Amino acid sequence: MTEAGVPDGVFNIVHGIGEDAGAALVAHPRVPLISFTGETATGQIIMRSAADHLKGLSMELGGKSPCVIFADADLETAADSALFGVFSLNGERCTAGSRILAERAVYDSLVATLAARAARITVGPPSDPDTEIGALVHPEHYERVLSYVRLGVREGARLVAGGTRPAGLPGGNYLAPTVFADVTPDMRIFQEEIFGPVVCVTPFDSEEEAIALANNTRYGLAAYIWTSDLRRAHRVAASVEAGMTWVNSHNVRDLRTPFGGVKASGLGREGGQHSIDFYTESRIVHVAMGDTHVPRFGA
């Protein structure tokens with residue numbers, strides 16, 4: 001930043017964990033704005049603390065985004081997108097399409113495809129150019145993700161791929177890409193953000209049911225819709241509760257467009273002009289250019 005010509009003190013990095021460094025920034029009266037990316041529970045804590053000083057907030061929080069695949073979609077491309085959307089970045093991405101909703105007519109074949117493809121994904125260290133999925137960020141988070149895998153089995157979901165440590169990786173926070181089928185909305189793995197390489201697959205029988213399933217979580221960050229029927233795509237996109245929706249595409253963004261979610265996925269928007277609006281205080285100065293006519297009360 002110095003080499004780029006930014007004056008000293010304009011840009012600062014404060015290292016530390018949220019409970020210490022983050023909490024201090026949120027509580028400090030001279031920090032007027034907070035932009036936060038993280039889980040919903042942390043966002044709620046930040047909102048409570050920021051309220052004392054009426055700070056401006058922009059928060060991108062958790063997600064449990066649906067990937068809705070209709071029978072008339074380009075199924076090969078949809079499967080590619082569904083796999084990339086949940087397993088890229090080790091599944092540690094807020095916009096991951098972690099709930100795949102598949103129309104009944106193609107459900108069984110899609111589950112088989114997802115399971116077979118997931119089993120062939122290369123897991124390993126990031127230094128290996130063949131690696132497609134690496135290790136999870138921390139041992140505690142690794143154990144948290146594994147606990148959801150065990151929970152899914154207990155809840156009665158059908159484990160069709162992964163769920164264990166990959167062969168040949170005796171150490172490290174590695175988890176084989178995991179696919180659960182026959183997941184129902186009452187299961188916690190359907191409702192809660194896992195933030196790892198774990199995906200739930202659920203069948204639907206109608207457009208109305210697909211929309212209901214897509215909206216049946218507290219989150220509303222992203223959504224992905226796959227269909228060759230443009231009218232249906234518009235209907236579903238308009239009905240799904242998500243801040244960002246992609247039709248026949250994975251998460252390809254124009255960084256000038258608004259980024260953010262609804263419901264428990266956060267508040268505010270950033271990206272392009274939306275970021276400028278958040279970080280700028282609009283002010284107005286009115287100057288009379290001629291005679292001012294004022295009602296003369298009490299004259």
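**Reading a predicted chain, with helix H3 as the example**

Reply: Let's start at the surface: the protein chain exposes about 16,400 Å², with carbon and sulfur atoms supplying 56% of it. Accessible areas come from the Shrake-Rupley method with a 1.4 Å probe, and for residues only the protein chains shown count as cover. This is a predicted model, where local features need pLDDT of at least 70, side-chain atom pairs count only at pLDDT 80 or more, and totals for chains, interfaces and linings use all residues. Residues are numbered from 1 along each chain as its sequence is written, and side-chain values use heavy atoms, leaving out hydrogens and water.

Me: What percentage of the 299 residues count as buried?

Reply: Buried means under 20% relative accessible area (1.4 Å probe, protein chains only). Here 45% of the 299 residues fall in that class.

Me: How many helices and strands does the protein chain have?

Reply: Both are DSSP runs numbered from the N terminus: helices are H or I with at least four residues, strands are E with at least two. This protein chain has 9 helices and 12 strands.

Me: Which residues of H3 are buried?

Reply: Helix H3 covers residues 75-87, and its buried residues are Ala78, Ala79, Ser81, Ala82, Leu83, Gly85, Val86 and Phe87.

Me: What covers the buried residues of H3?

Reply: Look for contacts, meaning heavy atoms within 4.5 Å. The cover includes strands E3 (66-69), E4 (99-103), E6 (178-181), E7 (198-204) and E9 (222-226), along with helix H4 (104-119).

Me: Where does leucine 89 sit, and what phi does this residue take?

Reply: Leucine 89 comes just after H3 and has a positive phi of about 55 degrees.

Note on methods
Buried < 20%, exposed > 50% of the residue type's maximum accessible area, 1.4 Å probe, protein only. Expected span 1.5 Å × (residues − 1).
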